[in-house]
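Biologist: I would like some help reading this one. Could you take me through a few features, step by step?

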Amino acid sequence: MSNRYELNKNLAQMLKGGVIMDVTTPEQAKIAEAAGACAVMALERIPADIRAAGGVSRMSDPKMIKGIQQAVSIPVMAKCRIGHFAEAQILQAIEIDYIDESEVLSPADDKYHIDKTKFDVPFVCGAKDLGEALRRINEGASMIRTKGEPGTGDVVQAVRHMRMMQAEIRRIGSMSEDELFDAAKQLQVPYELVQYVHENKKLPVVNFAAGGVATPADAALMMQLGAEGVFVGSGIFKSGNPEKRAAAIVKAVTNYRDAELLAELSEDLGEAMVGINEQEIALLMAERGK
Amino acid sequence: MKIAVLALQGAFIEHEKMLAKLGVSTVELRQKSDLEQTFDGLVIPGGESTVQGKLLRELDLYDGLKERIERGLPVFGTCAGMILLAKQIENDQRVHFATMDIVVKRNAYGRQLGSFYRACEFQGIGTIPMTFIRAPYIERVFGGAEVLATCEGKIVAARQKNQLVTSFHPELNEDLSVHRYFLDMIEHNQ
């Protein structure tokens with residue numbers, strides 16, 4: 001792999017143990033940075049509003065993204081549609097720090113993801129299981145996150161995806177070497193990636209949790225399940241007290257095993273986002289792009 | 001020998017792995033009670049300095065660590081860790097431990113597209129791999145700080161008695177020499 005790919009994986013390593021927050025304005029970006037976000041995701045509408053508004057959801061206005069780049073000193077990420085390499089080219093042209101090829105937006109291609117090896121900027125992609133994660137890595141993703149179910153405030157899918165991924169990693173890790181060839185075939189990924197997982201008992205890139213994280217307890221749960229950091233989308237700016245909740249989630253990710261501290265952090269955060277249960281939603285974003 | 005690694009956010013596990021390869025055990029510092037352990041040196045890893053600086057204060061680690069550094073605890077800061085030790089940050093009002101006579105510039109090479117890899121000379125070690133990720137560099141040293149490495153005309157490593165800083169990430173490459181240099185500092189400190 002190229003030097004650039006290594007550097008892009010390295011940036012994800014620097015984000016570990018941190019919280020990446022969705023923001024829609026420079027003001028929100030500043031609040032997120034002050035609350036301890038290690039990066040922000042610039043987008044016009046947070047997933048809960050995308051869900052409410054319906055219709056086709058696209059890459060954000062570059063002017064809006066640039067405004068956020070001006071406002072903060074931490075890395076700025078932005079989303080493009082699955083398979084929409086022209087949107088990705090535009091995001092690269094404005095020197096975005098990370099592109100999220102995201103199922104939160106309407107997919108532009110129902111068969112092919114972006115060939116991410118053609119880009120100099122890094123990509124993060126969502127995955128529900130090990131096969132999806134390794135396929136995205138094979139296409140050039142330098143960071144993975146669970147898909148979860150964005151904009152719901154319901155953590156059940158993020159948990160399901162993280163548990164699935166970890167269980168499959170353990171399964172590959174315990175295989176004998178001659179079983180890896182078939183595992184590669186089943187997962188529809190190159191043998192070398194399966195071999196890496198077998199030897200290292202982890203993905204070859206950093207793996208964050210995303211989708212439905214709304215409380216410090218949710219963040220701690222995902223960290224204890226093996227996430228290396230957390231994305232929080234609608235959970236912060238759809239809640240009663242964004243500053244306080246954001247800061248509490250940041251501290252919960254650092255001290256995710258300290259229940260006493262988590263109890264303290266969970267106190268008096270104001271109203272959490274209302275949320276929608278999995279059974280109540282018509283559109284499963286996690287089913288986009290496999 | 002035991003080394004504490006500040007584990008608030010960032011690439012702290014990478015440092016722990018490097019130190020393990022050198023046969024040194026580590027403890028993670030995540031909150032005030034972790035300071036009750038004894039340790040002979042401190043590593044401040046790469047990550048986001050804004051996050052680490054805030055958590056240092058809010059999790060009550062700041063005073064205890066600053067005092068130890070001022071009393072001579074050997075400390076090694078990489079990237080964000082270097083920013084936390086600098087007395088002056090050219091493009092930021094906030095300073096953190098402010099124990100080292102260096103002026104640094106954050107995100108000095110620009111955004112992620114400006115991240116790069118080079119092999120450059122490190123004083124007393126030789127040519128080593130250097131990985132720069134949205135890195136800062138040292139604008140200038142003053143007082144007791146001395147330059148240990150420059151790369152493409154910029155100062156990227158410095159030392160002041162018990163304090164060692166690099167703007168690059170030795171923990172991201174296989175080369176153990178900068179970590180070994182830090183262990184030597186600790187041994188001469190005892």
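Modeller: We will look at a strand, then at two buried residues. This is a predicted model, in which local features need pLDDT of at least 70, side-chain atom pairs count only at pLDDT 80 or more, and totals for chains, interfaces and linings use all residues. Residues are numbered from 1 along each chain as its sequence is written, chains are lettered from A and ligands numbered from 1 in the order in which they are written, and side-chain values use heavy atoms, with hydrogens and water left out.

Biologist: Which residues lie on the two faces of strand β3 of chain B?

Modeller: Strands (E, at least two residues) and helices (H or I, at least four) are DSSP runs, numbered from the N terminus. Buried means under 20% relative accessible area, exposed over 50%, and partly exposed in between, with a 1.4 Å probe and protein chains only. In β3(B), residues 41–44, Gly41(B) and Val43(B) are on one side, Leu42(B) and Ile44(B) on the other, and all are buried.

Biologist: Which strands pair with β3(B)?

Modeller: Pairing needs at least two DSSP bridges between strands. Strand β1(B) runs parallel to β3(B), with 3 bridges, and Ile3(B) has Gly41(B) as its partner. β4(B) also pairs with β3(B) in the parallel sense over 3 bridges; there Val43(B) stands opposite Phe76(B).

Biologist: Why does Ser115(B) count as buried?

Modeller: Because its relative accessibility is 2%. Ser115(B) lies in the loop between β6 and β7 of chain B. Contact means heavy atoms within 4.5 Å, and Ser115(B) touches residues including Arg4(A), Leu7(A) and Phe132(B).

Biologist: And why is Gln157(A) counted as buried?

Modeller: Because Gln157(A) has 5% relative accessibility. This residue is in helix α7 of chain A, and Gln157(A) touches Glu278(A) and Leu284(A), among others.

Key
Lists of a residue's contacts leave out its neighbours within four places in sequence.
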